[in-house]
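Thanks for coming. I have one model to go through today, so please bring it up on your screens.

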Amino acid sequence: MRLFSRITGTGSYVPPRRLTNADLAAQLAAQGVETSDEWIVERTGIRNRHFADDGVFSSDLALHAARNALEAAGRTAQDIDLIIVATSTPDMVFPSTACILQSKLGAAGGAAFDVQAVCSGFIYALSVADAMIRVGSATKALVVGAEVFSRLLDFQDRTTCVLFGDGAGAVVLEASEQPGILATDLHADGKHVGILCTPGHVANGHILGDPLLKMDGQAVFKLAVGVLEDAARAVLAKAGKTEADIDCLVPHQANLRIIQSTARKLKMPMDKVVVTVDLHGNTSAASIPLALDHGVRSGRIQAGQTALLEGVGGGFTWGAVLLTL
Ligand code: ACO
């Protein structure tokens, strides 16, 4: 009997502090940085983002999202034998946010580790969990994307600080005789490290290098639209499917123009695309599971439908997962 993995529950969480574009513009104006709701909406589609309060970490956001996903799956933390957290904003240098989450969930004994692939992190984590379940190394996994990207933002740099937000999304992925995940496709090209990075690091009791996010927005934009189309076509080919088989596209939520361009290339009408970038901004590794949970809970994505999840981010990393819910 061939073994597959299947999503049995989704969950998400954003911290309560919501800033509209106008709120953020007012806050930035007080620091002499000029932006506007019109500019942000026109260039990105973002209208709101949520920021975690001081002292709230990725593991705290992950905990809420994980509990929601476990409840939706009808599982408890004790049922879980694998936790993977995708994050670029871990609570600590080490141990992993996955271990901290495991402890906060009150579970122990299963494997727990982080995956770091920036905005593609959830796609990477889901692909790893799928592979581990299919070879029998795990039976019930919690796969989480959680970020407090607000901690990395340079609020003097209007070209980046308006784009990002905090949040978490999670899925329970279980061994199944029925196919859930149909195919996965992962890639990276490390020569693009410099166009999107947070270069600082801890050394000898100090942070060496700049600890704030740096981005060449136009270079990222050009790369993103190309590789997202490639990843979608590659994962469809691996599964023996075509664009016509996709009921729902759940792309990384960085910029509405990137999402619209991907949908156009895949000949998908926007009513088949889950868009949450207006609500949350870019939450990096949390954006895809947040959008997936939003799609499921709003009824946009129904059980039995085929969804294409895809992401791109720093590294550069990119990838896609095709699945039946
Ligand atoms: N408010 C007002 N004006 C601004 C702002 C702002 N927040 N930011 C930039 N501007 C100004 C610039 O200074 C520039 O002014 P100038 O013409 O006088 O020099 C003008 O707006 C145009 O700037 P551009 O950088 O050309 O604007 P562009 O249309 O390329 O949009 C953006 C910038 C939104 C960053 C775009 O390049 C983009 O979305 N890139 C993709 C980046 C991305 O999504 N990154 C997320 C992380 S990676 C990932 O998740 C895939």
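I will cover the domains, then two pockets, then one helix and two single residues.

First, the conventions. This is a predicted model, where local features need pLDDT of at least 70, side-chain atom pairs count only at pLDDT 80 or more, and totals for chains, interfaces and linings use all residues. Residues are numbered from 1 along each chain as its sequence is written, and side-chain values use heavy atoms, with hydrogens and water left out.

Domains. The chain is assigned domain 1 (4-178) and domain 2 (182-324), with bounds that come from an automatic or database domain assignment. Their C-alpha centres lie 14 Å apart. The contact between them takes 51 residues from domain 1 and 46 residues from domain 2, where contact means heavy atoms within 4.5 Å.

Now the pockets. A pocket here is an open set of points on a 1 Å grid over the protein atoms alone, where a 1.4 Å probe fits, with protein on both sides within 12 Å along at least five of seven lines; lining residues have an atom within 4 Å of a point. Grid points are joined across faces, edges and corners, and the volume is the space filled by probe spheres set on the points.

The largest pocket has a volume of about 780 Å³. It is lined by 29 residues, and Ser88, Thr89, Pro90, Leu152 and Thr198 are the closest to its centre. Elements giving two or more residues to this lining are β5 (111-115), β9 (196-197) and β10 (201-203); helices (H or I, at least four residues) and strands (E, at least two) are DSSP runs, numbered from the N terminus. By class, the lining has 16 nonpolar, 10 polar and 3 charged residues. Nonpolar covers Ala, Val, Leu, Ile, Met, Phe, Trp, Tyr, Cys and Pro, charged covers Asp, Glu, Lys and Arg, and the others, Gly among them, are polar. Each of the two domains supplies at least three residues of this lining.

The second largest pocket has a volume of about 660 Å³. Where does the second largest pocket lie? It lies between domain 1 and domain 2, because both give residues to its lining. Of its 27 lining residues, Thr159, Leu163, Met215, Gly217 and Asn255 lie nearest its centre. The largest share of the lining, 5 residues, comes from α7. The split is 13 nonpolar, 10 polar and 4 charged.

Next, α8 (256-265), which supplies at least two residues to that second lining. Asn255 caps its N-terminal end, with a side-chain oxygen 2.7 Å from the backbone nitrogen of Arg257. The buried residues of α8 are Ile258, Ile259, Ser261, Thr262 and Ala263, buried being under 20% relative accessible area, exposed over 50% and partly exposed in between (1.4 Å probe, protein chains only). They pack against α7, β13 (248-251), α9 (277-280) and β14. Just after the helix, Lys267 takes a positive phi of about 55°.

Finally, two residues. Ser12 is in strand β1 (residues 4-13) and counts as buried, at 17% relative accessibility. Its side chain makes a polar contact of 2.6 Å with that of Asp293; a polar contact is a pair of N or O atoms within 3.5 Å, where within protein one must be able to donate a hydrogen and the other to accept it, and residues adjacent in sequence count only if both atoms are side-chain atoms.

Leu208, in strand β11 (residues 206-208), is partly exposed, with a relative accessible area of 39%.
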